[in-house]
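I opened this entry to work through the fold, strand by strand and then helix by helix. My notes follow the structure.

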Amino acid sequence: MSHPQTVLLVANRTADTDGLRQAVRERSAKGIMVGGEVGSADPMAAIQDTLARESFDEIVISTLPRRVSRWLHVDLPSKAKGLSLPVSHVEAETVPDEEPALAVR
């Protein structure tokens with residue numbers, strides 16, 4: 001029996017967008033466990049810190065639209081590909097009105 005795929009989701013203001021929810025739904029058919037944490041404000045540092053503690057099969061990076069995304073301006077998806085894992089990029093269609101609220105359940 002194979003283990004569930006482990007996916008590192010990297011998002012900030014786009015954490016509650018349709019595109020990212022769809023990416024999660026597509027991967028959940030393979031078996032998924034969900035967890036979350038707040039990392040460094042520097043997205044590449046947050047990714048590297050997380051990969052130093054845990055193993056993943058894929059990285060999914062969710063960004064704001066190209067015209068306003070700082071992460072795309074610094075080419076975060078390409079930089080993450082240098083970490084030897086498959087990287088998928090999900091670009092939000094619109095800019096969310098406000099930052100998502102963190103909820104603990």
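Which residue in β2 is the bridge partner of Val10? I looked it up: Ile61 is the partner of Val10. I kept in mind that this is a predicted model.

**Sheet**

I next checked the pairing around that bridge. β1 and β2 (residues 58–63) run parallel to each other and pair over four bridges. I then traced the whole sheet. It is open and has three strands, in the order β1-β2-β3, with parallel pairing. I asked why β1 and β3 each have one side without a neighbour in the sheet. β1 (7–10) and β3 (87–91) stand at the edges with a single partner strand each, so one side of each is left free of a sheet neighbour. I also noted the twist, which averages 20° from one strand to the next.

**Helices**

I moved on to what packs on the sheet. Helix α1 (residues 18–28) does, and α1 touches β1, β2 and β3. I noted its direction against β2: about 160°. Helix α2 (residues 43–53) lies across β1 and β2. I looked up its angle to β1 and found about 160°.

**Buried side of α1**

Which residues of α1 are buried? I found Leu20, Ala23 and Arg27. I then checked how they sit around the axis. Their arc is only 55°, so Leu20, Ala23 and Arg27 lie on the same side of α1. Last, I asked what the buried residues of α1 pack against. My note reads β1, β2 and β3.

Note on methods: Residues are numbered from 1 along each chain as its sequence is written. This is a predicted model: local features need pLDDT of at least 70, side-chain atom pairs count only at pLDDT 80 or more; totals for chains, interfaces and linings use all residues. Side-chain values use heavy atoms; hydrogens and water are left out. Two strands pair if DSSP finds at least two bridges between them. Helices (H or I, at least four residues) and strands (E, at least two) are DSSP runs, numbered from the N terminus. Axes are lines fitted to C-alpha atoms, for helices over the stretch in contact, and angles run from 0 to 180 degrees between N-to-C directions. Contact means heavy atoms within 4.5 Å. Buried means under 20% relative accessible area, exposed over 50%, partly exposed in between (1.4 Å probe, protein chains only). The arc is that of the directions from the helix axis to the C-beta atoms.
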